[in-house]
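Trainee: I'd like to learn how to read a protein fold from its model. Can we go through one together, step by step?

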Amino acid sequence: MMLELIVPSMACSACADTITKAVTALDPTATVEADLKTKRVKIETLKPAAEVTAAIAAAGYPVSLRV
Ligand SMILES: [Cu+2]
């Protein structure tokens, strides 16, 4: 399943790394594509969206919107 999220507090590549690690800790097969300019994060994962957004929020980056 492809998720597209908006993470407003993602400011630099270190943030993107943290988010990527949070997602891959939940689902090692996930692919994460973060766009710092638009604050969008595209995630291809088999995990439910609620689990993925919870993992990102737990890493310190609240998800404002699921597109
Ligand atoms: Cu950062």
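Trainee: Which residues touch the most other members of the largest nonpolar core?

Mentor: Keep in mind that we're looking at a predicted model. The largest nonpolar core has 15 residues. Those that touch the most other members are Val 7, Ile 19, Val 23, Val 41, Ile 43 and Ile 56.

Trainee: And which element gives the most to this core?

Mentor: Several elements chip in: β1 (2-6), α1 (13-26), β2 (31-35), β3 (40-44) and α2 (49-58) each supply at least two residues. The one that gives the most, with three residues, is α2.

Trainee: What pattern does the protein follow along the sequence?

Mentor: Start with the parts: there are two helices and four strands. Now read them off along the sequence, and you get β-α-β-β-α-β.

Trainee: Back to Val 23. Which residues is it in contact with, leaving aside neighbours within four places in sequence?

Mentor: Val 23 is one of the core residues that touch the most other members, and Ile 43 and Ile 56, also in that group, turn up among its contacts. The full list for Val 23 is Ala 30, Val 32, Ile 43, Thr 45, Val 52, Ala 55 and Ile 56.

Trainee: Is Ala 30 buried or partly exposed?

Mentor: Ala 30 is in the loop between α1 and β2. Leaving aside neighbours within four places, its contacts are Val 23, Thr 24, Ile 43, Glu 44 and Thr 45. To count as buried, a residue needs 20 or more other C-beta atoms within 10 Å. Ala 30 has 18 such neighbours, so it counts as partly exposed.

Trainee: How far is the C-alpha atom of Ala 30 from that of Ala 57?

Mentor: Along the chain, these two are 27 residues apart. In space, their C-alpha atoms are separated by 17 Å.

Trainee: What's the value of phi at Lys 39?

Mentor: Lys 39 is in the loop between β2 and β3, and it is partly exposed, with 18 other C-beta atoms within 10 Å. Its phi is positive, in a residue other than glycine. The value is near 65°.

Trainee: Last one: what is the radius of gyration of the protein?

Mentor: The C-alpha trace spans about 25 × 20 × 20 Å along its principal axes. For 67 residues, a compact globule would have a radius of gyration near 11 Å. The protein agrees with that, because its own radius of gyration is 10 Å.

Note on methods. Residues are numbered from 1 along each chain as its sequence is written. This is a predicted model: local features need pLDDT of at least 70, side-chain atom pairs count only at pLDDT 80 or more; totals for chains, interfaces and linings use all residues. The radius of gyration is taken over C-alpha atoms; the globule rule is 2.2 Å times the number of residues to the power 0.38. A nonpolar core is a set of buried Ala, Val, Leu, Ile, Met, Phe, Trp, Tyr and Cys residues joined through C-beta atoms within 7 Å. A residue is buried if 20 or more other C-beta atoms lie within 10 Å of its own, exposed if 12 or fewer, and partly exposed in between; C-beta atoms are placed from the backbone. Two residues are in contact if their C-beta atoms, placed from the backbone, lie within 7 Å.
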